[in-house]
Amino acid sequence: MVVRQFKLIGISSYLYSIQPHKWNVLPMFWLWERTWNGFWNVLWILIRKEYSPGLVTSFLFASILLWLLSRESHAGKPGLRKTTFIAAAGLVFELLLISTLFVFS
C-alpha cells in the first residue's frame, strides 16, 4: 500500500509540474495527508510503546504545511472553504490508509 501511495504522490507531482494552475491543490493535499499521518505516528507510539519511523518526517511536513498556510493567508488565498476541504480530503485518505493496516494484518 505504501508503494501505491508514493506512486500517487509521484503522479501528482508530475501533474502539478506540467499544469500548476489546474492541479494547484495537489501539493496542499499531500501536505495535509502527511501531517495527518504524523498524528497517527504519535498515536502509534502511545499505543504500541515503540518508535515509529515516520514521526520525524511528519514534523517536517507539518512545519512546511504551517509555513505554506501562513504564506497563503497573507497573500489572501486559498480561502478557508478550500483549505478545509483539502484538509478533510487528506484526513479521509489517511484514514483509508490506516484502515488497510488492520484489514491486511
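**A walk through a four-helix chain**

Hi everyone, let me start with a single residue: isoleucine 47 is exposed, with a relative accessible area of 58%. Over 50% is what counts as exposed, so isoleucine 47 falls on that side of the cut-off. Isoleucine 47 sits in helix H2, and we will come back to that helix several times. Before going on, please keep in mind that this is a predicted model.

So, what does the chain look like overall? The protein chain has 4 helices and 0 strands, and reading along the sequence gives the pattern α-α-α-α. Of its 105 residues, 30% count as buried. The chain exposes about 7,600 Å², and carbon and sulfur atoms supply 73% of that area. How much of the contacting is done by residues 24 or more positions apart? Among contacts with a separation of 6 or more, such residues account for 69%.

Back to isoleucine 47, then. Together with Val42, Leu43, Leu46 and Phe59, Ile47 makes a nonpolar surface patch of about 500 Å². Which helix gives the most to the nonpolar patch? That is H2, with 4 residues.

Now let's go inside. In soluble globular proteins, nonpolar side chains tend to be buried together. Here, the largest nonpolar core has 11 residues: Met28, Phe29, Trp30, Leu31, Trp32, Leu65, Leu68, Ile86, Ala87, Phe93 and Leu97. The elements giving two or more residues to this core are helix H2, covering 26-48, helix H3, covering 54-75, and helix H4, covering 80-103. H2 provides the largest share of the core, 5 residues. So our helix from the opening turns up in both places: H2 gives the most to the nonpolar patch and the largest share to this core.

Take methionine 28 as one example from the core. Leaving aside neighbours within four places in sequence, methionine 28 is in contact with Leu65, Leu68, Leu69, Glu72 and Ile86.

Next, the aromatic rings. There are 6 aromatic pairs by the rule used here. Why is the pair of phenylalanine 29 and tryptophan 30 called edge-to-face? Their ring centres are 5.0 Å apart and their planes stand at 75 degrees, and over 60 degrees counts as edge-to-face. Both phenylalanine 29 and tryptophan 30 are buried. Phenylalanine 29 also pairs with phenylalanine 93, again edge-to-face, at 5.8 Å centre to centre with 70 degrees between the planes. This second pair links distant parts of the chain, as phenylalanine 29 is in helix H2 and phenylalanine 93 is in helix H4, 64 residues apart. Both of these phenylalanines, 29 and 93, are buried. Put together, ring pairs link Phe29, Trp30 and Phe93 into a cluster.

Two more residues before I stop. Arginine 34 is another residue of helix H2. Is arginine 34 buried or exposed? Arginine 34 is buried, with a relative accessible area of 14%, and buried means under 20%. Not counting neighbours within four places in sequence, arginine 34 is in contact with Gln5, Ser58, Phe61 and Glu94.

Finally, tryptophan 23 lies in the loop between helix H1, residues 2-18, and H2. With 29% relative accessibility, tryptophan 23 counts as partly exposed. Tryptophan 23 touches Leu15 and Tyr16, if we set aside residues up to four places away in sequence. The C-alpha atom of tryptophan 23 is separated by 8.1 Å from that of serine 12, which is 11 residues away along the chain.

That's my tour, thanks for listening!

Key. Residues numbered from 1 in each chain as written. Predicted model: local features only at pLDDT ≥ 70, side-chain atom pairs only at ≥ 80, totals over all residues. Heavy atoms only, no water. Core = buried A, V, L, I, M, F, W, Y, C linked by side-chain atoms within 4.5 Å. Buried < 20%, exposed > 50% of the residue type's maximum accessible area, 1.4 Å probe, protein only. Contact = heavy atoms within 4.5 Å. Phe/Tyr/Trp six-rings, centres within 6.5 Å; stacked < 30°, edge-to-face > 60°. Areas by Shrake-Rupley, 256 points an atom, 1.4 Å probe, with all protein chains shown as cover. Patch = residues over 30% accessible without salt bridge, like charges linked within 9 Å, V, L, I, M, F, W, Y side chains within 5 Å. Salt bridge = Lys/Arg side-chain N within 4 Å of Asp/Glu carboxyl O.
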